[in-house]
Amino acid sequence: MKLLTVALLLLFIAMCLASAEGVKCKCSRKGPKIRFSNVRKLEIKPRYPFCVEEMIIVTLWTRVRGEQQHCLNPKRQNTVRLLKWYRVWKEKGR
């Protein structure tokens, strides 16, 4: 009986941790097509224990929608190009 209780308790704890993992990682890994001229700010947050990959958060500004934040997938080719462009842009002092 004790073994069954311990097993159920461990299962319950594992389920709670699995559900908390999805809540804390705020990147949905889907983002819109990005025009480099609309980028206002780019944040690269390191990997956390509850997130498998680093988080890349872009703040965009458009006339119609104003400021919006989007989370990007760091493995996509478009995101890699954006990071390279942003680093060059920052080095030029803009």
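Here are a few exercises on this protein, each with a worked solution; the model is a predicted one.

**Exercise 1.** Work out which pattern of helices and strands the protein follows along the sequence.

*Solution.* Start by listing the pieces: the protein has two helices and three strands. Now walk along the sequence and put them in order, and you get α-β-β-β-α.

**Exercise 2.** Find the order of the strands in the open sheet, and say which are the edge strands.

*Solution.* Step one: the three strands sit in the order 1-2-3, and their pairing is antiparallel. Step two: look for strands that pair on one side only, which turn out to be strand 1 and strand 3 (66-72). Step three: check the twist, which averages 15 degrees from one strand to the next.

Next, zoom in on one pair. Strand 2 and strand 3 run antiparallel and are joined by seven bridges. You can also spot L60 standing opposite Q68 in strand 3.

Finally, bring in a helix. Helix 2 packs on the sheet and touches strand 1, strand 2 and strand 3. The direction of helix 2 makes about 110 degrees with that of strand 1.

**Exercise 3.** Identify the residues of the largest nonpolar core and the elements that each supply at least two of them.

*Solution.* A general idea helps here: in soluble globular proteins, nonpolar side chains tend to be buried together. In this model, the largest such core has ten residues: I34, V39, L42, I56, V58, L60, L72, L82, L83 and Y86. Now match them to the elements: strand 1 (39-45), strand 2 (55-62) and helix 2 (77-91) each supply at least two. Notice that L60, from the strand exercise, turns up again in this core.

**Exercise 4.** Decide whether N73 is buried or exposed, and find which backbone nitrogen lies 3.1 Å from a polar atom of its side chain.

*Solution.* First, place the residue: N73 is in the loop between strand 3 and helix 2. Second, take its relative accessible area, 19%. Buried means under 20%, so N73 counts as buried. Third, look around its side chain: one of its polar atoms lies 3.1 Å from the backbone nitrogen of K75.

**Exercise 5.** Sum up the whole chain: how much of the protein is buried, and what makes up its accessible surface?

*Solution.* Of the 94 residues, 23% are buried. The accessible surface comes to about 7700 Å², with 58% of it belonging to carbon and sulfur atoms. As a last step, take the contacts between residues at least 6 apart in sequence: 44% of them join residues at least 24 apart.

Conventions:
Residues numbered from 1 in each chain as written. Predicted model: local features only at pLDDT ≥ 70, side-chain atom pairs only at ≥ 80, totals over all residues. Heavy atoms only, no water. Helix = DSSP H or I, 4+ residues; strand = E, 2+ residues; numbered from the N terminus. Buried < 20%, exposed > 50% of the residue type's maximum accessible area, 1.4 Å probe, protein only. Contact = heavy atoms within 4.5 Å. Areas by Shrake-Rupley, 256 points an atom, 1.4 Å probe, with all protein chains shown as cover. Core = buried A, V, L, I, M, F, W, Y, C linked by side-chain atoms within 4.5 Å. Pairing = 2+ DSSP bridges. Axes fitted to C-alpha atoms, helices over the stretch in contact; angles between N-to-C directions. Polar contact = N/O pair within 3.5 Å; in protein donor to acceptor, adjacent residues only side chain to side chain.
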